[in-house]
Amino acid sequence: MSYITALTKNKQEWTPQFIKSIDEELCIGCGRCFKVCAHDVLAFEELDEDDSAKMFMKIENDGNCIGCQACGRTCSKKCFTFEPVSL
Ligand code: SF4
Ligand code: SF4
């Protein structure tokens with residue numbers, strides 16, 4: 001199977017790993033991933049739990065992702081999974 005590939009500035013080929021999912025059970029809503037993503041992929045979501053509300057991150061604009069994995073590197077809870085996309 002062949003995947004979407006990209007080039008670095010010095011023309012080295014690499015395979016982007018695109019966002020696949022965020023584990024909302026692990027997410028603490030810290031927003032670090034939101035701050036680091038420059039492509040408007042992520043959004044906060046509020047989840048009502050009995051008498052309190054929990055914030056967590058969700059994928060809002062899946063198709064905007066460039067596969068850089070910056071969000072995953074900044075997440076201390078390891079919420080993210082990524083995958084290459086086939087052509
Ligand atoms: S992989 Fe990059 S572009 Fe995609 S959601 Fe994460 S930070 Fe944004
Ligand atoms: S960095 Fe991780 S824990 Fe923090 S909001 Fe993003 S997914 Fe949730």
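Which residues does Thr74 touch, not counting residues up to four places away in sequence?

**Conventions.** This is a predicted model, in which local features need pLDDT of at least 70 and side-chain atom pairs count only at pLDDT 80 or more, while totals for chains, interfaces and linings use all residues. Residues are numbered from 1 along each chain as its sequence is written, chains are lettered from A and ligands numbered from 1 in the order in which they are written, and side-chain values use heavy atoms, with hydrogens and water left out.

**Exercise 1. Place Thr74 and list its contacts.**

Step 1. Thr74 belongs to helix 2; helices (H or I, at least four residues) and strands (E, at least two) are DSSP runs, numbered from the N terminus.

Step 2. Thr74 has a relative accessible area of 16% and is therefore buried. The classes are buried, under 20% relative accessible area, exposed, over 50%, and partly exposed, in between (1.4 Å probe, protein chains only).

Step 3. With residues up to four places away in sequence not counted, Thr74 touches Arg32, Cys33 and Val36. Contact means heavy atoms within 4.5 Å.

Step 4. From the other side, Cys33 is in contact with Leu42, Met57, Cys71, Thr74 and Phe80, leaving aside its neighbours within four places in sequence.

**Exercise 2. Describe the surroundings of ligand 1 and ligand 2.**

Step 1. Around ligand 1 are Cys37, His39, Val41, Cys65, Ile66, Cys68, Gln69, Ala70, Cys71 and Phe82; a residue is near a molecule if one of its heavy atoms lies within 4 Å of it.

Step 2. This shell divides into eight nonpolar, two polar and no charged residues. Here Ala, Val, Leu, Ile, Met, Phe, Trp, Tyr, Cys and Pro count as nonpolar, Asp, Glu, Lys and Arg as charged, and the others, Gly among them, as polar.

Step 3. The residues around ligand 2 include Ile22, Cys27, Cys30, Cys33, Met57, Cys75, Lys77 and Cys79. The shell of ligand 2 holds nine nonpolar residues, two polar and one charged.

**Exercise 3. Locate Cys79 and relate it to the largest nonpolar core.**

Step 1. Cys79 is in the loop between helix 2 (70–74) and strand 6 (80–83). At a relative accessible area of 5%, Cys79 is buried.

Step 2. Apart from its neighbours within four places in sequence, Cys79 contacts Ser21, Ile22, Asp23, Leu26 and Cys27. Cys79 and Leu26 are 53 residues apart in sequence but 6.0 Å apart in space, C-alpha to C-alpha.

Step 3. The largest nonpolar core has 14 residues, and Ile19, Ile22, Cys33, Leu42, Met57, Cys79 and Phe80 touch the most other members. Such a core is a set of buried Ala, Val, Leu, Ile, Met, Phe, Trp, Tyr and Cys residues joined through side-chain atoms within 4.5 Å.

Step 4. Strand 3 (18–22) and strand 5 (52–59) each supply at least two residues of this core, and strand 3 gives the largest share, three residues.

**Exercise 4. Find the loop and the exposure class of Gln69 and Lys78.**

Step 1. Most residues other than glycine have a negative phi.

Step 2. Gln69, in the loop between strand 5 and helix 2, has a positive phi near 65°. Its relative accessible area is 27%, so Gln69 is partly exposed.

Step 3. Lys78, in the loop between helix 2 and strand 6, has a positive phi near 55°. Its relative accessibility is 69%, so Lys78 counts as exposed.
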